[in-house]
Amino acid sequence: MISQFLSLERNFRSVEEKGLKEKHLPLQIGWNLSVETIDAFFECHETPGYKFDIDSKGNVFIIEMEKDEHSATTLRLLDYFRAPNGGNTDNPPIDALINSTHYRPHGAGRQLAPDVAVFPSLSFIPKPPTPLSPTPLPPHRRLRYGRRVHPRPPPRHLDIPPVNTSGRPHARIICEIAVSQGYANLVEKCKLWMSQEYVRHVLGIKIYKVQGTRNAKGQFNRCMIAMLWSRQAISPMQIAVVGQPGLFMEEWNFGTIDYYNGLATTCTRRGLLDYQIRIPVQDVFWNPPIVGGVPYTAGYVIIVPGGDDGENGGDNGGDSGVGGAGGAGGGGEDSGVGGAGEVGGGGRNSGVGGAGGAGEVGGDDENGENGDDGITAPNSPNFTIDLFQIQQKVLQNQVN
């Protein structure tokens with residue numbers, strides 16, 4: 001293990017010292033490594049600015065250098081997935097995290113971290129008990145340079161229900177953003193995540209290279225493709241995935257230039273229905289009972305934390321529950337944010353109070369791109385992702 005560790009460490013240090021160009025990606029820095037070796041490496045090293053992939057054979061690759069457009073897209077997605085929390089940041093019913101380490105599906109305990117992972121609150125679906133280890137943990141091991149590798153409990157990649165590496169219930173929605181990675185690699189990664197039954201949706205976003213031409217706003221043109229993978233067809237445009245029964249996929253060309261025909265797209269302002277992705281909020285709380293060691297889904301109905309709808313919703317909200325909707329507010333004047341509705345009563349034990357209803361969509365700002373869209377209300381049944389806003393986040397953070 002020590003020789004493998006040092007080889008991986010030496011290769012990564014070489015990358016840091018010599019620098020890495022996007023054209024060299026993906027770059028392999030480790031070959032046929034054990035789970036223990038890979039875990040020890042990431043425990044001993046900070047790796048900001050790089051995204052890694054470890055395949056089922058233990059090969060380690062650098063697949064992405066996290067540029068500003070990647071980071072800006074990630075942060076915008078967090079906003080969309082946190083919107084139903086209605087501003088509750090202390091004990092929200094929905095958690096959305098960056099780079100939450102999970103077990104790679106069918107990866108024998110190897111790890112994989114998506115760009116964004118969306119979870120149910122631990123107050124609503126708590127961590128399952130940690131299984132007792134059949135053997136005691138090994139003693140500390142000391143490697144070169146004075147580093148100490150702490151003993152790790154056995155991986156929990158076979159747990160039912162599944163968990164991430166910290167032991168919290170597995171994310172139900174996964175987002176992957178590819179800038180350096182190719183389209184085919186992104187598709188394969190989305191398929192891989194969907195092979196985990198508890199993942200209900202995967203959103204993939206491919207951002208292509210900057211082109212030499214500019215749009216009417218003076219920004220360099222860029223092709224962008226979004227794809228949504230789901231367990232059921234949630235829109236008429238989703239098609240069944242060939243060879244994978246029960247999976248459906250829809251794709252959007254939302255850059256300034258269509259990738260397939262080279263023409264300008266019609267994704268030119270926010271609020272266009274053809275460029276909005278809607279994902280049911282309730283799917284974050286998918287948690288069927290376990291019968292005979294497997295999820296039992298016959299007749300299963302998702303339970304969403306919440307109170308009754310009505311003028312003063314939220315009085316009956318339970319632990320970390322989302323209260324019912326309050327009255328609708330008026331439209332925002334310039335920012336595009338609707339005014340807040342009447343706030344519902346608070347739920348028990350830090351439960352989320354009833355969310356005010358969505359205000360009317362306010363007017364665009366001067367450029368029609370910077371204000372919030374006012375369409376993802378705290379009490380909405382869907383996460384609504386506006387692809388024009390994602391497009392603008394990319395264009396505003398690229399080199400122009």
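Biologist: Which residue in strand 10 is the bridge partner of Val116?
Modeller: The partner is Cys175. The model is predicted, and the pairing is read from its atoms. Ala117 stands opposite Ile174, also in strand 10.

Biologist: What makes strand 7 and strand 10 a pair?
Modeller: Two strands pair if there are at least two bridges between them. Strand 7, residues 116–120, and strand 10 have 3 bridges, so the condition of at least two is met. The sense of this pairing is antiparallel.

Biologist: How many bridges join strand 10 to strand 11, and do they run parallel or antiparallel?
Modeller: There are 6 bridges, and the two strands run parallel. Strand 11 covers residues 201–214. Cys175 takes part here too, with Leu203 as its bridge partner in strand 11.

Biologist: Why is strand 10 called largely enclosed?
Modeller: A residue is buried when its relative accessible area is under 20%. In strand 10, residues 173–178, 6 of the 6 residues pass that test, so the rest of the structure largely encloses the strand. Ile173, Cys175 and Ile177 are buried on one side, and Ile174, Glu176 and Ala178 are buried on the other.

Biologist: What is the order of the strands in the sheet?
Modeller: The order is 4-7-10-11-12-14-13, which gives an open sheet of 7 strands with mixed pairing.

Biologist: What makes strand 4 and strand 13 edge strands?
Modeller: Each of them pairs on one side only. Strand 4 covers 94–98 and strand 13 covers 239–240.

Biologist: Which strands does helix 3 touch as it packs on the sheet?
Modeller: Helix 3 touches strand 4, strand 7, strand 10, strand 11 and strand 12. Its direction makes about 175° with that of strand 4. Helix 5 packs on the sheet as well, touching strand 11, strand 12 and strand 14. The direction of helix 5 makes about 135° with that of strand 12.

Biologist: How do you know that the length of helix 4 agrees with its number of residues?
Modeller: Helix 4, residues 183–194, has 12 residues, which should span 16 Å at 1.5 Å a residue. The end C-alpha atoms are 17 Å apart, so the two values agree. Helix 3, residues 68–82, can be checked in this way: its 15 residues reach 21 Å, close to the 21 Å expected.

Biologist: Which residues of helix 4 are buried?
Modeller: They are Leu186, Val187, Lys189, Cys190, Leu192, Trp193 and Met194. An α-helix has 3.6 residues a turn, so residues three or four places apart point the same way.

Biologist: How many disulfides does the count come to?
Modeller: The count comes to 0. Cys175 is in no disulfide.

Biologist: How do you know that the sulfur of Cys190 is too far from that of Cys175 for a bond?
Modeller: A disulfide needs two cysteine sulfur atoms within 2.5 Å. The closest cysteine sulfur to that of Cys190 is in Cys175, at 9.4 Å, so a bond is ruled out. Both residues are buried: Cys175 has a relative accessible area of 1%, and Cys190 has 0%.

Biologist: Why is Gln238 counted as buried?
Modeller: The relative accessibility of Gln238 is 7%, and the cut-off is under 20%, so the residue counts as buried. Gln238 is in the loop between strand 12 and strand 13. Outside its neighbours within four places in sequence, its contacts are Leu228, Ser230, Gln232, Ala233, Phe248, Met249 and Glu250. Glu250 is 12 residues from Gln238 in sequence, yet their C-alpha atoms are 4.5 Å apart.

Biologist: Which residues have the most contacts inside the largest nonpolar core?
Modeller: They are Leu77, Phe81, Phe254, Ile277 and Ile385, in a core of 38 residues. Helix 5, residues 387–397, gives this core its largest share, 5 residues. Beyond its neighbours within four places in sequence, Ile277 is in contact with residues including Leu203, Trp252 and Ile385. Apart from this core lies another, of 19 residues, among them Leu186, Leu192, Val202 and Leu247.

Biologist: How many helices and strands does the protein have?
Modeller: It has 5 helices and 20 strands. Of the 400 residues, 50% are buried.

How values were computed. Residues are numbered from 1 along each chain as its sequence is written. This is a predicted model: local features need pLDDT of at least 70, side-chain atom pairs count only at pLDDT 80 or more; totals for chains, interfaces and linings use all residues. Side-chain values use heavy atoms; hydrogens and water are left out. Buried means under 20% relative accessible area, exposed over 50%, partly exposed in between (1.4 Å probe, protein chains only). Helices (H or I, at least four residues) and strands (E, at least two) are DSSP runs, numbered from the N terminus. The expected span of a helix is 1.5 Å times one less than its number of residues. A nonpolar core is a set of buried Ala, Val, Leu, Ile, Met, Phe, Trp, Tyr and Cys residues joined through side-chain atoms within 4.5 Å. Contact means heavy atoms within 4.5 Å. Axes are lines fitted to C-alpha atoms, for helices over the stretch in contact, and angles run from 0 to 180 degrees between N-to-C directions.
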